[in-house]
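The following exercises concern the structure shown below. Each task is followed by a solution in steps.

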Amino acid sequence: MVVLLTQVLFTPLPFKAQRLLAHRRPQKSFFETLIRSLIILCVAIAVVLSSISVCDGRWLFARGQLFGLWHFCTVSNGSVLKCVTDLSLAKVEGLSMGVIPVRSMVSFAVVVAIFGLELLMVSQVCEDANARRKWSMGSVLILASFLLSATSVLSFSILVKDHLTFTGFTLTYWCEFVAAFLFFLNGISGLHINSLTHPRNRVGKI
């Protein structure tokens with residue numbers, strides 16, 4: 001107790017001020033808060049779009065056939081859609097086996113993005129000493145989701161390259177494409193704004 005009291009009494013004022021500045025919560029500007037909120041909103045939209053795309057999974061319609069991650073469908077003369085889970089019936093070389101890693105990657109991308117979004121939100125709600133580190137980790141996870149989503153979209157396009165038409169891509173395919181773009185844009189933006197707003201060292205000004 002005596003030692004602690006001695007340290008408090010005889011500690012120079014500049015060092016006390018330095019400690020107060022170190023523990024003081026940094027004040028954010030309005031525009032920084034706005035940008036971070038918009039990044040979180042866009043990531044949330046990307047997660048919803050990617051989830052819809054994965055759950056539906058029907059990405060390409062060509063020649064009366066519907067190719068997807070989970071089903072292969074054909075349209076009969078009566079406009080009745082008949083779907084099967086056996087993708088080997090599509091008679092596309094490598095589709096039945098190649099689509100397995102594709103849907104695994106795109107599903108894992110959603111999971112990683114949810115964790116990244118959670119870190120982004122927690123870093124803004126609980127502004128502690130590790131808030132900036134949580135934001136950086138969340139942004140890195142969002143970029144990882146972009147890599148997984150982009151790889152799955154590209155791999156699927158390669159698997160069905162013989163049936164590709166620009167107008168044949170379905171709405172759920174474009175949902176995944178837009179989600180991958182949003183993952184990339186907001187992941188990069190998150191890391192960039194974190195580096196721009198890094199707190200400066202004010203020890204030299206004391």
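Axes are lines fitted to C-alpha atoms, for helices over the stretch in contact, and angles run from 0 to 180 degrees between N-to-C directions. The model is predicted: local features need pLDDT of at least 70, side-chain atom pairs count only at pLDDT 80 or more, and totals for chains, interfaces and linings use all residues. Residues are numbered from 1 along each chain as its sequence is written, and side-chain values use heavy atoms, with hydrogens and water left out.

**Exercise 1. State how many helices and strands the protein chain has, and in which order they run.**

Step 1. Helices (H or I, at least four residues) and strands (E, at least two) are DSSP runs, numbered from the N terminus.
Step 2. The protein chain comes to six helices and four strands.
Step 3. Read from the N terminus, the order is α-α-α-β-β-β-β-α-α-α.

**Exercise 2. Describe how helix 3 and helix 6 pack.**

Step 1. Helix 3 spans residues 30-56 and helix 6 residues 171-196; their axes come within 8 Å and cross at roughly 155 degrees.
Step 2. That angle makes helix 3 roughly antiparallel to helix 6. Here angles under 35 degrees count as roughly parallel, over 145 as roughly antiparallel, 65 to 115 as roughly perpendicular and the rest as oblique.
Step 3. Helix 3 and helix 6 cross in a left-handed sense; a crossing is left-handed if the near helix is turned anticlockwise from the far one by less than a right angle, and right-handed if clockwise.
Step 4. The contact of helix 3 with helix 6 comprises 18 nonpolar, seven polar and four charged residues. In these classes, Ala, Val, Leu, Ile, Met, Phe, Trp, Tyr, Cys and Pro count as nonpolar, Asp, Glu, Lys and Arg as charged, and the others, Gly among them, as polar.

**Exercise 3. Characterise the packing of helix 4 against helix 5, and of helix 3 against helix 4.**

Step 1. The axes of helix 4 (residues 95-125) and helix 5 (residues 131-159) come within 7 Å, crossing at roughly 160 degrees.
Step 2. Helix 4 is thereby roughly antiparallel to helix 5, and their crossing is left-handed.
Step 3. In the contact of helix 4 with helix 5 there are 23 nonpolar residues, eleven polar and one charged.
Step 4. Helix 3 and helix 4 have axes 10 Å apart and pack at an angle of about 160 degrees. They are therefore roughly antiparallel to each other, and helix 3 passes helix 4 in a left-handed crossing.

**Exercise 4. Identify the elements that build the largest nonpolar core.**

Step 1. A nonpolar core is a set of buried Ala, Val, Leu, Ile, Met, Phe, Trp, Tyr and Cys residues joined through side-chain atoms within 4.5 Å. Buried means under 20% relative accessible area, exposed over 50%, partly exposed in between (1.4 Å probe, protein chains only).
Step 2. The largest core has 20 residues, and those with the most contacts inside it are Trp 59, Phe 67, Leu 69, Leu 95 and Phe 156.
Step 3. Strand 1 (58-62), helix 4 and helix 5 are the elements giving two or more residues to this core; helix 4 gives the most, with five.

**Exercise 5. Is Val 102 buried or exposed, and is Lys 82 buried or exposed?**

Step 1. Val 102 belongs to helix 4 and counts as buried because its relative accessibility is 1%. Its C-alpha atom is separated by 6.7 Å from that of Phe 156, 54 residues apart along the chain.
Step 2. Lys 82 lies in strand 4 (residues 81-84) and counts as exposed because its relative accessibility is 53%.
Step 3. Of the 206 residues of the protein chain, 34% count as buried.
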